[in-house]
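Subject: Structure handover

Hello,

I am passing this structure on to you. Please open it first, then read my notes below.

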There are 2 protein chains.
Amino acid sequence: MTPTGDELVVMLAALANPLRLRIVARLSGGRDYVSRMARDIGISRPLLHMHLQRLEAAGLITGSLELSEDGKAMKYYEVTDFHLQLTASAVAEAVQTLTPDPDKSPASKEQT
Amino acid sequence: MTPTGDELVVMLAALANPLRLRIVARLSGGRDYVSRMARDIGISRPLLHMHLQRLEAAGLITGSLELSEDGKAMKYYEVTDFHLQLTASAVAEAVQTLTPDPDKSPASKEQT
DNA sequence: TTCACCTGAAAGAAATCTCTTACATGTGAA
DNA sequence: TTCACATGTAAGAGATTTCTTTCAGGTGAA
């Protein structure tokens, strides 16, 4: 349940944007489909699409393609109930499961 | 105490980076000064300097310039005890104190 | 003086993120 | 058929982030 270090980075990066925060805030009030949100928020649909993908990739929202009564395909998104606890020690723990950066490790310099 | 929407974005952006997470993790184990951390972590001092500034600007760490016994200037950093609660509704609340995006507001189109 | 340590900051390359415009798909109704 | 709605994706400009290299200052000790 606790995200790995890498997952945490993805989640934080997804939330570290005003527009995406607005999107999450909006969806926390109920599910909605792409085109309507784009109209309401006042941004282009492709742009919203991109932000939604980013949020979904982070596991913060989920989307499902549904058919409306009149037969149109609508993609509804809703928030997942994530809850992250961010403190220095929580970060310290998450870092342990962070993919090592091949470059910066102390590594023995012998034997390439 | 609860950060505004704008502050939250800055904090999240500061944490949304593997290297900066490592820095926070390290400082959570005790204060340290710049050059030593750079050596240990294995990155250049200017680069570390930049990341530290970013974390300090977000209020996650604080630095203080001190004089060591042998008279050298050392900049020590330590973590602040931040704790962020990240949930959809917390985001919804923070968004209310987000600086409005002049562009995307519904705004009356008359009278430029 | 020269060396080893500490600090800060500027310049530029490379990668990533954000956003717009444009194109292509499908449906039901007029 | 054409319109109004829905979906997705690709191409490119512009801004930001990340990182290296280079320069500048300071201290105490050899």
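Helices (H or I, at least four residues) and strands (E, at least two) are DSSP runs, numbered from the N terminus. Those labels are used throughout. Please keep in mind that this is a predicted model.

**DNA strand C**

I start with strand C. Which elements make up the surface near DNA strand C? Chain A supplies at least two residues from each of α2 (18-27) and α4. Chain B does so from each of α3 (34-41), α4 and β3 (73-79). The most comes from α4(A), with 5 residues.

In total, 24 residues surround DNA strand C. The closest are A:Arg54, A:Asp70, B:Ser35, B:Arg39 and B:Arg45. By class, this surface near DNA strand C has 9 nonpolar, 7 polar and 8 charged residues.

What part of the strand faces the protein? Of the atoms of DNA strand C within 4 Å of the protein, 62% belong to sugar or phosphate. The rest belong to bases.

Three polar contacts with phosphate oxygens of this strand are worth a look:

- A:Arg20 has a polar side-chain atom 3.1 Å from a phosphate oxygen of DNA strand C.
- B:Tyr33 has a side-chain N or O atom 3.0 Å from a phosphate oxygen of DNA strand C.
- B:Lys75 uses its backbone: an N or O atom there lies 3.3 Å from a phosphate oxygen of DNA strand C.

**DNA strand D**

Now for strand D. How many residues surround DNA strand D? There are 24. A:Ser35, A:Arg39, A:Arg45, B:Arg54 and B:Asp70 are the closest. Of the atoms of DNA strand D that come within 4 Å of the protein, sugar and phosphate account for 61%.

Chain A supplies at least two residues from each of α3 (34-41), α4 (45-57) and β3 (73-79) to the surface near DNA strand D. Chain B does so from each of α2 (18-27) and α4 (45-57). The largest share, 5 residues, comes from α4(B). The classes are 9 nonpolar, 7 polar and 8 charged residues.

Again, here are three contacts to find:

- A:Val34 places a backbone N or O atom 3.3 Å from a phosphate oxygen of DNA strand D.
- A:Arg39 has a polar side-chain atom 2.7 Å from a phosphate oxygen of DNA strand D.
- A:Arg45 reaches a base: a side-chain N or O atom is 2.5 Å from a base oxygen of DNA strand D.

**Helix packing between the chains**

Next, look at where α5(A) meets α2(B). Helix α5 (residues 88-95) of chain A packs on α2(B) at an angle of about 120 degrees. Their axes are 8 Å apart. That angle makes α5(A) oblique to α2(B). The crossing is left-handed.

Which residues make the contact? From α5(A) come A:Ala88, A:Val91, A:Ala92 and A:Val95. From α2(B) come B:Leu21, B:Arg22, B:Val24 and B:Ala25. By class, the contact of α5(A) with α2(B) has 7 nonpolar, no polar and 1 charged residues.

**Helix packing within each chain**

Chain A comes first here. The axes of α2(A) and α3(A) come within 12 Å. They cross at roughly 120 degrees. Angles of 65 to 115 degrees count as roughly perpendicular, and those over 145 as roughly antiparallel. The two helices, α2(A) and α3(A), are therefore oblique to each other. Their crossing is right-handed. On α2(A), the contact residues are A:Leu19, A:Ile23, A:Arg26 and A:Leu27. On α3(A), they are A:Met37, A:Asp40 and A:Ile41. The contact of α2(A) with α3(A) has 5 nonpolar, no polar and 2 charged residues.

Then chain B. Here α2(B) and α3(B) pack at an angle of about 120 degrees, with axes 12 Å apart. So α2(B) and α3(B) are oblique to each other. Is the crossing of α2(B) past α3(B) left-handed or right-handed? It is right-handed. B:Leu19, B:Ile23, B:Arg26 and B:Leu27 of α2(B) make the contact with B:Met37, B:Asp40 and B:Ile41 of α3(B). These residues divide into 5 nonpolar, no polar and 2 charged.

Best wishes

Terms used
Residues are numbered from 1 along each chain as its sequence is written. Chains are lettered from A and ligands numbered from 1 in the order in which they are written. This is a predicted model: local features need pLDDT of at least 70, side-chain atom pairs count only at pLDDT 80 or more; totals for chains, interfaces and linings use all residues. Side-chain values use heavy atoms; hydrogens and water are left out. A residue is near a molecule or strand if one of its heavy atoms lies within 4 Å of it. A polar contact is a pair of N or O atoms within 3.5 Å; within protein, one must be able to donate a hydrogen and the other to accept it, and residues adjacent in sequence count only if both atoms are side-chain atoms. Ala, Val, Leu, Ile, Met, Phe, Trp, Tyr, Cys and Pro count as nonpolar, Asp, Glu, Lys and Arg as charged, and the others, Gly among them, as polar. Axes are lines fitted to C-alpha atoms, for helices over the stretch in contact, and angles run from 0 to 180 degrees between N-to-C directions. Angles under 35 degrees count as roughly parallel, over 145 as roughly antiparallel, 65 to 115 as roughly perpendicular and the rest as oblique. A crossing is left-handed if the near helix is turned anticlockwise from the far one by less than a right angle, and right-handed if clockwise. Contact means heavy atoms within 4.5 Å.
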